[in-house]
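Biologist: I am new to this structure and would like a close look at one part of it, the places where aromatic rings meet charged ends and other rings. Could you take me through that part slowly, and then show me the elements around it?

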Amino acid sequence: MTRGVLPRRRSAAGRLGVLSGVLLAATVVVSGCTGSALFGGGAAGVPTSGAGGSGSSGVAPSGGATSGAGGATAAAPEGSGRVRGEFPVVSERQRIRLYAEARLSTMTLEQKLASLVMVHVGGADPAPLQAYLTANQPAGLLLLGDNVPGSSAQAAALTDALQQSQGLGTLVAIDEEGGIVARLAEDGYPAADTLKSAPVAATADAFAQRAALLESTGMTVNFGVVADVTADPGSFIFERALGTDASSAADRVAAAVGAERGHVFSTLKHFPGHGTVSGDSHTSIPSTSLPLDEWRSDVAPPFAAGISAGAELVMFGHLAYTAVDPLPASLSPEWHRVLREELGFEGVAVTDDLLMLEASGVPAYADRTANAIAAVSAGNDVLLYNSTVDLPPLVASLAAAVRAGTISASRVDDAALHVLTLRRELWLQQHPAA
C-alpha cells in the first residue's frame, strides 16, 4: 500500500532485522520441509525445478539426478534410503501467516495481550502518539478529529512519524464514513444519506475517492463501511446506513469495500446490525427480540456481501439480540461463532469503543477490566478505546485472567495471530520491494 510518499530507505540494521525475521520464520517446519523452502528460496545443493515451474525438494540423490520436464523428480538410486519429495507451493497469504506465527512464538503473554488493544491518544503532535506506541506496543492507534485538524498534508506528516515495529505495519485507524461521521476536513465526498438512493456505482465512486484521501494521509484502517440496515428515519443509524433493505445495502457495502481494496483496510460495522434495534449504543444497550432466522434473511446480507468483497475487519456493536444471546454482541461468544462459522469471516474482529459499555449506565458493564476480559474471551481480536488508557495495568489484569483460566491461552494466541497477520500484510504493502 503506497501512502503518497516514498517508503523510508532501510538502514543496514533495518535490513538485518528483516533478514532475522525471515530466518526466524524459516525455523517453522511444515509437512516435513524446512521453513526456508516455504519462503520461496531454495537451499544450497537443492536442485531447482525444470520446465513447468514445479519446484522439487529433499536430499539430492547421488549421481546428480535432477528434475525432468514438467517438474517430475528422478528417483534416488536403489538402496540409497533416500526419497525425494517436492516443496509445496506456498502462497503469499501462507507466507504472511508463517511470518505471523514466527513472531507470535517470540512474544510473552503480556506482549500478546498488549498487541490486542487500540487506543486514542489526543493531539496533532506525533511525539505523544509515538511515545505511547513505543512504550506499550499496542495493535495501533485510533485517530479522531483532534489528531487531524488541518490539511491532508498535515495529517500525512503526523502518520508518517508513527513507526512501531520492523516487519509489522502500524494500524492507524479512523472513522471516515463521510457525511456526519468524517474526521478529515477534505472529505466532501457523497455519504450514505445520498448514496442509499443513488445507483450503486455512485457508492463505488465516492468510496474510491475517500480511500484515495485516506491513503494519501497515511491512514491504514477505515472504520467506515456501515453495514447496518434500517428503513426507519427515526433510527440514529438511518442517515449512516447504505441501504433501507438488505439487498440494496448489500450491493452498496460490497461496492464500498471493493473501492477501498488496496488503499486502506475496510471495516464492516456494527455487527450483527443496529438497524433492527431501538436506542443508541453510545448511551445504552439497545436490544431486539428478532429471531436468528430473520436476522439471516433481513440483516445479515450486507455483512456477508462485505466479507465476500474482502473486508479485513468487522466491528462488533454493543447491542443485544436477545433471542440469540442476552449479552451485547461485542461480549457474546455466540455472535462471534456466527461471524466465523456461518459467514466465514477470517479477518480481525474489533469491538466498538469499549468505553461505550461503561457509558450505558448498565451496572453489569461498569467495570472496565471485566469488560475487557469478557471481550477477549468472546472472540474479539482488538479492544478499541476512544480515549487513552493506562495499558500496563489492563494488560496485567488480562494476563492474570489467562493464568487463572478465565481466558484461554489459545484464545489469546488466536487473537494475536489475527492482528499480526493483518499488520504483516500492511507492512508488505508498504514495502513492496521486501
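**Rings, charges and the sheet around them**

Modeller: In this model, which is predicted, the charged end of Lys196 sits over the ring of Phe238, at 3.8 Å from the centre of that ring. A second arrangement of this kind involves Arg210, whose charged end sits over the ring of Phe207, 4.9 Å from its centre.

Lys196 also leads us to Ala241, since Lys196 is one of the residues that Ala241 touches, along with Ala192, Val226, Asp228 and Thr230, when residues up to four places away in sequence are not counted. Ala241 has its place in the loop between strand 6, residues 221-226, and helix 9, residues 246-260. Although Ala241 belongs to a loop, its relative accessibility is 0%, and because buried means under 20%, Ala241 counts as buried. In sequence Ala241 and Val229 are twelve residues apart, while in space their C-alpha atoms are 5.9 Å apart.

From the charges over rings we can turn to rings that meet other rings, and here the structure holds six aromatic pairs. One of them is formed by Phe271 and Trp295, whose centres are 5.8 Å apart and whose planes stand at 90°, an edge-to-face arrangement. This pair links distant parts of the chain, with Phe271 in strand 7 (residues 265-271) and Trp295 in helix 10 (residues 292-298), 24 residues apart. Phe271 counts as buried because its relative accessibility is 0%, and Trp295, with a relative accessible area of 1%, is buried as well. Phe271 also forms an edge-to-face pair with Phe303, with 5.2 Å from centre to centre and 90° between the planes. That pair, too, links distant parts of the chain, from Phe271 in strand 7 to Phe303 in helix 11 (residues 301-308), 32 residues apart. Like Phe271, Phe303 is buried. Taken further, Phe271, Trp295 and Phe303 belong to one aromatic cluster together with Phe316, Tyr321 and Trp335.

Two members of that cluster, Phe271 and Phe316, also meet through the backbone, for Phe316 in strand 9 is the bridge partner of Phe271. Strand 7 and strand 9 run parallel and are joined by three bridges. On its other partner strand, strand 9 pairs in the parallel sense with strand 11 over four bridges, and there Phe316 stands opposite Thr351 of strand 11. Strand 9 is covered on both faces, with Leu313 and Met315 buried on one side and Val314 and Phe316 buried on the other.

These strands are part of an open sheet of eight strands, which pair in parallel and follow the order 11-9-7-6-5-4-3-12. Its edges are strand 11 (348-351) and strand 12 (383-385), each of which pairs on one side only. With direction ignored, neighbouring strands of this sheet are turned by 30° against each other on average.

Moving along the sheet from strand 7, we come to strand 6, and the two pair in the parallel sense over four bridges, with Val221 standing opposite Phe265 of strand 7. Helix 9 lies across strand 6 and strand 7 and runs at about 160° to strand 6. Helix 16 (residues 409-430) also packs on the sheet, where it touches strand 5 (171-174), strand 7, strand 9 (313-316) and strand 11, and its direction makes about 145° with that of strand 7.

Strand 5, one of the strands that helix 16 touches, has Leu171 and Ala173 pointing one way and Val172 and Ile174 pointing the other way, and these residues are all buried. Strand 4 (residues 140-143) runs parallel to strand 5 and is joined to it by four bridges, and in strand 5 the bridge partner of Gly140 is Leu171.

A wider view places this part within the protein, whose secondary structure comes to 16 helices and twelve strands. Buried residues make up 51% of its 434 residues, and among the contacts between residues at least 6 apart in sequence, 72% join residues at least 24 apart. The accessible surface comes to about 17,400 Å², and 56% of that belongs to carbon and sulfur atoms.

Key:
Residues numbered from 1 in each chain as written. Predicted model: local features only at pLDDT ≥ 70, side-chain atom pairs only at ≥ 80, totals over all residues. Heavy atoms only, no water. Phe/Tyr/Trp six-rings, centres within 6.5 Å; stacked < 30°, edge-to-face > 60°. Buried < 20%, exposed > 50% of the residue type's maximum accessible area, 1.4 Å probe, protein only. Lys NZ or Arg CZ within 6 Å of the ring centre and 35° of its normal. Contact = heavy atoms within 4.5 Å. Areas by Shrake-Rupley, 256 points an atom, 1.4 Å probe, with all protein chains shown as cover. Pairing = 2+ DSSP bridges. Axes fitted to C-alpha atoms, helices over the stretch in contact; angles between N-to-C directions.
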